[in-house]
Amino acid sequence: MKEINLGRVLITNRHKRGITQDEVAEYMGVSKASVSKWETGTTYPDITLLPRLASYFNISIDELMGYEPQMTKEDIRKLYRELCREFYEKPFDMVMEQCREIVRKYFSCGPLLFQMGTLYVNHSMLAGSPEQTRQVLEEAERLFVRVQEEGDDAELSSQAVSMQALCLLQLGRADEVLELLAPVELMRLNPEPLLASAYQMLGNNGEARQILQIGIYVAVIELLNLLPAYMGLCVNDVSAFEETDRRMEALIEAFSVNKLNPSVLASLYLSAARGFCLQGNADKALDNLEYYTELVTSDFFPLHLHGDGYFNLLDDWLEENLVLGSDPPRDEGTVRRSVVEAVTGQPLFASYSEHPRFQTIVSRLQMMLVQDADMHRLEEIGE
């Protein structure tokens, strides 16, 4: 990716104003050949000439150099999709170097840096070694710190703090996580009821309903993300573990999570399977692995966030307010690999390797990868 696009900018602005190379040369006190070389990129003007050249075309020096310090939400979304795909198709180191070039170019664009850090976290497991994975997570953590230090978007900074904490946790730096997050205000006021009441008072019931739908959806997803962590702490307390599992199943059924957000449900099944495995309850562990396999091999793909018949005002909000819209944080091919490796690469389940039910589970999951590879080859042939 070229950092300097002065030649293209010169040509564009000169043609737009109907100015010849001779006229530019005369104004700048240089030869026409010099201007020609600037436009072809053979040479660049002396740095002391840049303010005068920018003034001649009534543009900033940044504009003259073709430097764009910020990216639009649409540009970021498109770039993220492309890089996800490249992480799936190309060597990890090659794509990481491309990512680093983008970061260097847009080092002042907080939203872009946040998404690049998120991209690193979501693909760090593809690195060639534990040391490389650690390096990628450390790079991501530094990007989240920069977003906090340089940005003026309070919401983005708050999200960056959470992502920085995730990086620190994965790096084994628990003390720094506590220092970053604690003390946390656990009892916080949710603004959705107040916003909805204000909209209703103004006669805008549609906006009020959407605000409350969003609040309910976010609360349900947050609760479902909390339960696996709690189950993990209750492994040695069988009654608490089973009661948490029962309540989790009730919540899943009440909000049709299998259709609303199957990726969250997949994580829940895996967490339950790990817990039952640690308790020595093979039947329950295998039950949950079968639920997981049935989910990810049926209507799991294509993955994207969406509402349903109950959350019928959610889709537009997701598309307009999330930088990635309804897109998943990783390419579908990468996700397919990860959902298989979550079972086949989990040492905890190795004790079931000779069990017929587990062998059937592994076979179904691996068949999904075979089908994905066949589909990918067909796509390449079509291109």
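These are my notebook entries on a predicted model of one protein chain.

**Entry 1. The whole chain**

I began with the overall make-up. The chain has 20 helices and zero strands. I took the extent of the C-alpha atoms next. Along the principal axes they fill a box of roughly 85 × 55 × 45 Å. I then looked up burial: of the 383 residues, 40% count as buried. The chain exposes about 21500 Å², and carbon and sulfur atoms supply 54% of that area. I also checked how contacts are spread along the sequence. Among contacts between residues at least 6 apart, 65% join residues at least 24 apart.

**Entry 2. The largest nonpolar core**

Which residues touch the most other members of the largest nonpolar core? I found L224, L289, Y292, F300 and V343, in a core of 49 residues. I listed the elements that give two or more residues to this core: α13, α14 (238-254), α15 (257-260), α16 (262-278), α17 (282-296), α19 (332-344) and α20 (356-382). Helix α16 gives the most, with 10 residues.

I picked V343 for a closer look. I left aside its neighbours within four places in sequence. V343 is then in contact with L270, L289, Y292, F349, F358, I361 and L365. Two of these names, L289 and Y292, were already on my list of residues that touch the most other core members.

A general note for the margin: in soluble globular proteins, nonpolar side chains tend to be buried together.

**Entry 3. A second core and helix α6**

Apart from the largest core lies another one, of 35 residues. Its members include I76, L79, C84 and F114. I turned to helix α6, residues 73-89. Helix α6 has 17 residues. From its first C-alpha to its last it reaches 25 Å, close to the 24 Å expected at 1.5 Å a residue.

Which residues of α6 are buried? I wrote down I76, R77, L79, Y80, L83, C84, E86, F87 and Y88. I76, L79 and C84 are on that list, and they are also named in the second core.

R85 and E89 also lie in α6. Their side chains meet in a salt bridge, at 2.8 Å from N to O. The two are four residues apart, about one turn of the helix. An α-helix has 3.6 residues a turn, so residues three or four places apart point the same way. E89 counts as partly exposed at 40% relative accessibility. R85 is partly exposed too, with a relative accessible area of 26%.

**Entry 4. More salt bridges**

How many salt bridges does the structure hold? I get 20.

I looked at E39 and R14 next. Their side chains meet in a salt bridge, at 2.7 Å from N to O. E39 lies in helix α3 (residues 32-40) and R14 in helix α1 (residues 6-17), so the pair ties together parts that are 25 residues apart in sequence. Are these two partners buried or exposed? E39 counts as buried at 11% relative accessibility. R14 is buried as well, with a relative accessible area of 10%. Both values are under 20%, the cut-off for buried.

E243 forms a salt bridge with R246, the closest N and O atoms being 2.6 Å apart. Both lie in helix α14, three residues apart, about one turn of the helix. E243 is partly exposed at 30% relative accessible area, and R246 is partly exposed at 45%.

I also noted a network. Salt bridges that share partners join E97, R100, R104 and E139.

**Entry 5. A nonpolar patch on the surface**

I then went to the surface. L212, I216 and Y310 form a nonpolar patch there. Together they have about 270 Å² of accessible area. L212 is found in helix α13, residues 205-233. L212 is partly exposed, with a relative accessible area of 37%. Helix α13 is also among the elements that give two or more residues to the largest core.

**Entry 6. S157**

One last look-up. Where is S157? I found S157 in helix α10, residues 154-170. S157 is buried, with a relative accessible area of 15%. Not counting residues up to four places away in sequence, S157 touches V147 and Q148.

Methods
Residues numbered from 1 in each chain as written. Predicted model: local features only at pLDDT ≥ 70, side-chain atom pairs only at ≥ 80, totals over all residues. Heavy atoms only, no water. Patch = residues over 30% accessible without salt bridge, like charges linked within 9 Å, V, L, I, M, F, W, Y side chains within 5 Å. Areas by Shrake-Rupley, 256 points an atom, 1.4 Å probe, with all protein chains shown as cover. Salt bridge = Lys/Arg side-chain N within 4 Å of Asp/Glu carboxyl O. Buried < 20%, exposed > 50% of the residue type's maximum accessible area, 1.4 Å probe, protein only. Core = buried A, V, L, I, M, F, W, Y, C linked by side-chain atoms within 4.5 Å. Contact = heavy atoms within 4.5 Å. Expected span 1.5 Å × (residues − 1).
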